[in-house]
Amino acid sequence: MAKPRKKKRTQPRKEDVSGKPGPGNRSPKSMVIRMGAGDIGPSVTQLARDFRAVMEPDTASRLKERRANKLKDYTAMAGPLGVTHLFLFSRSKTGNVHLRVALAPRGPTLTFRTERYALSKDIAKAQKHPRGGGKEFLTAPLLVMNNFVSQTAGDADADPIKKQLESLTTTIFQSMFPPISPQTTPLNSIKRILLLNRETQADGKYIISLRHYAITTRRTGISKRVRRFDPSEQRHREKKTGALPNLGKLEDVADYILDPASGGYTSASETELDTDAEVEVTQTTTQRVLSKREQQKQQKGDQEKQQKDAEGRSNVEKRAVKLVELGPRMRLRLVKVEEGVCEGRVMWNEFVTKSKEEEKELDEKWDKRRKEKEQRKKEQRENVERKKQLKKNTKANAGQAGEGADDEDDDEEEWDSDELEDWDDLDDAEDQENAEEEVEDEDDEDEDMAD
């Protein structure tokens, strides 16, 4: 007898990935869109592509826009695809580049004017040793926000509306990437940093500087020449000829490590920069599934290890952290905040200031629109329910009619079987009458022929 097949799950469940089941625990996803496609120009097109790299990996990196695509096309697909953020790049007729950040599906929308920007390729050309493509984009970047709270709670002159808008802007930016836990998130998974710095302006302008960096670490206390022999450092370096130093002309390795010209451990140009931040990290180790006996041995080993660590012999090492800019670089100026996805009531506008009467009139206008919209939705729901009930009744009537038709067919069959002989007698009588009439007609013809 064949052995029964047991199905093995090849994909992790949703609760296994997020830790807790439910739609509220999903990670944010984004779409970076060029509004107008070819009408915005090659520079803004490349800027949108560079910004997609910033939002990796939870973004539509291969999205292709067309000139015929409208905003409704993207918002309609945002729900089925689980998209939470929309980044819309556009260019006005006057040449101003705008970036709109919208939360799907109900908003709000922040409109920024891109005053200055630099592409990733321009930043790479300006660097002496640019960062090459690696595994940095496999995980989301670490979001660092600076100087976003400008007004304190005890400030008497603080504008409550402006303070609320600042809090809204901060919340939208914080929700761009999945949250991290300092206790559970491994340090090795953080490869990039997205820096948002709000510039202080005397005239009250809301300006944000955006920078994108890659994180690189190096061990401290070791010469650059010694690090060239470390296999772990060689794997991170580019594969090129001459990566290892040539020691053929030297009599001793000390002649390479020690620098006789400076008389010290190494030359001044090969020392670490003073501005590097030093952090202590634990060396990574490979883990495997252990049995109960091995787990007990490991617990004893951990206790001994803790004792050794207390004596000063630990596996913690110091590493210097460096940031290499990847790009793009943008200077954003907030000009408008509105409800909905690019089509709601304007909550704040930098260039337009309305009086209280105008604001009241606009509020009444939007309330009227909202009530009309709710009324239309109510009518649509009623129509849908009415059609469902009508369809249900039609099916029920069709079922009853089908049963009655079957009964009529049975009665007809019984009636045909009972009156079959009577119908035969009637047919014979009709045939006899027709035959007698034909005979009389023939007799009349014969008499006419005789005359």
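**Figure 1. The second largest cavity and its lining.** In this predicted model, the second largest cavity is lined by Phe51, Phe87, Leu99, Val101, Phe173, Met176, Leu194, Leu196, Leu210 and Leu332. Strand 3 (97-103) and strand 6 (192-199) are the elements that give two or more residues to this lining. What kind of residues are they: nonpolar, polar or charged? The lining of the second largest cavity comes out as 10 nonpolar residues, with no polar and no charged ones. The space inside is about 60 Å³.

**Figure 2. The largest cavity and its lining.** Here the view moves to a cavity holding about 80 Å³ of space, the largest in the model. Around the largest cavity sit Lys162, Leu165, Glu166, Thr169, Gly204, Lys205, Tyr206, Leu334 and Trp348. Which element gives the largest share of this lining? That's helix 5 (residues 160-174), with 4 residues. The lining of the largest cavity is a mix of 4 nonpolar, 2 polar and 3 charged residues. If you go looking for others, the structure holds 4 cavities of 30 Å³ or more.

**Figure 3. The largest nonpolar core.** This core has 32 residues, and the ones touching the most other members are Phe51, Phe87, Phe89 and Phe112. Plenty of elements chip in two or more residues: helix 2 (42-54), strand 2 (85-91), strand 3, strand 4 (109-118), helix 5, strand 6, strand 7 (207-219) and strand 10 (329-338). The biggest giver is helix 2, with 5 residues in this core. As a rule of thumb, nonpolar side chains in soluble globular proteins tend to be buried together. Two names turn up again from Figure 1: Phe51 and Phe87 are among the residues lining the second largest cavity.

**Figure 4. Phenylalanine 89 and its contacts.** Zoom in on phenylalanine 89, one of the core residues that touch the most other members. Which residues is phenylalanine 89 in contact with, leaving aside its neighbours within four places in sequence? Val32, Ile33, Arg34, Met35, Val44, Leu47, Ala48, Phe51, His98, Leu99 and Met330 make up the list. Also worth a look is a second, separate core of 12 residues, whose members include Met31, Ile33, Ala78 and Val341. So Ile33 belongs to that second core while also being in contact with phenylalanine 89.

**Figure 5. Valine 144 on strand 5.** You'll find valine 144 in strand 5 (residues 142-146). Is valine 144 buried, partly exposed or exposed? Its relative accessibility is 32%, so valine 144 counts as partly exposed. Not counting residues up to four places away in sequence, valine 144 touches Ile193, Leu194, Leu195 and Leu196. Asparagine 197 is 53 residues away from valine 144 along the chain, yet their C-alpha atoms are separated by 8.3 Å.

**Figure 6. Low-confidence stretches and the overall picture.** Over residues 260-275, pLDDT stays under 50, and the model has 19 contacts beyond four places in sequence for this stretch. Residues 411-424 are also below 50, with 1 contact beyond near neighbours in sequence. Where pLDDT is low, don't read the predicted coordinates in detail. The protein as a whole averages a pLDDT of 75, and 64% of the residues score at least 70. Zooming out, there are 11 helices and 11 strands, and 25% of the 451 residues count as buried. Among contacts between residues at least 6 apart in sequence, 68% join residues at least 24 apart.

Key
Residues numbered from 1 in each chain as written. Heavy atoms only, no water. 1 Å grid on protein atoms, 1.4 Å probe; cavity = no way out; pocket = protein on both sides within 12 Å on 5 of 7 lines; lining within 4 Å. Points joined across faces, edges and corners; volume = space filled by probe spheres on them. Nonpolar A, V, L, I, M, F, W, Y, C, P; charged D, E, K, R; others polar. Core = buried A, V, L, I, M, F, W, Y, C linked by side-chain atoms within 4.5 Å. Buried < 20%, exposed > 50% of the residue type's maximum accessible area, 1.4 Å probe, protein only. Contact = heavy atoms within 4.5 Å. pLDDT = per-residue confidence, 0-100.
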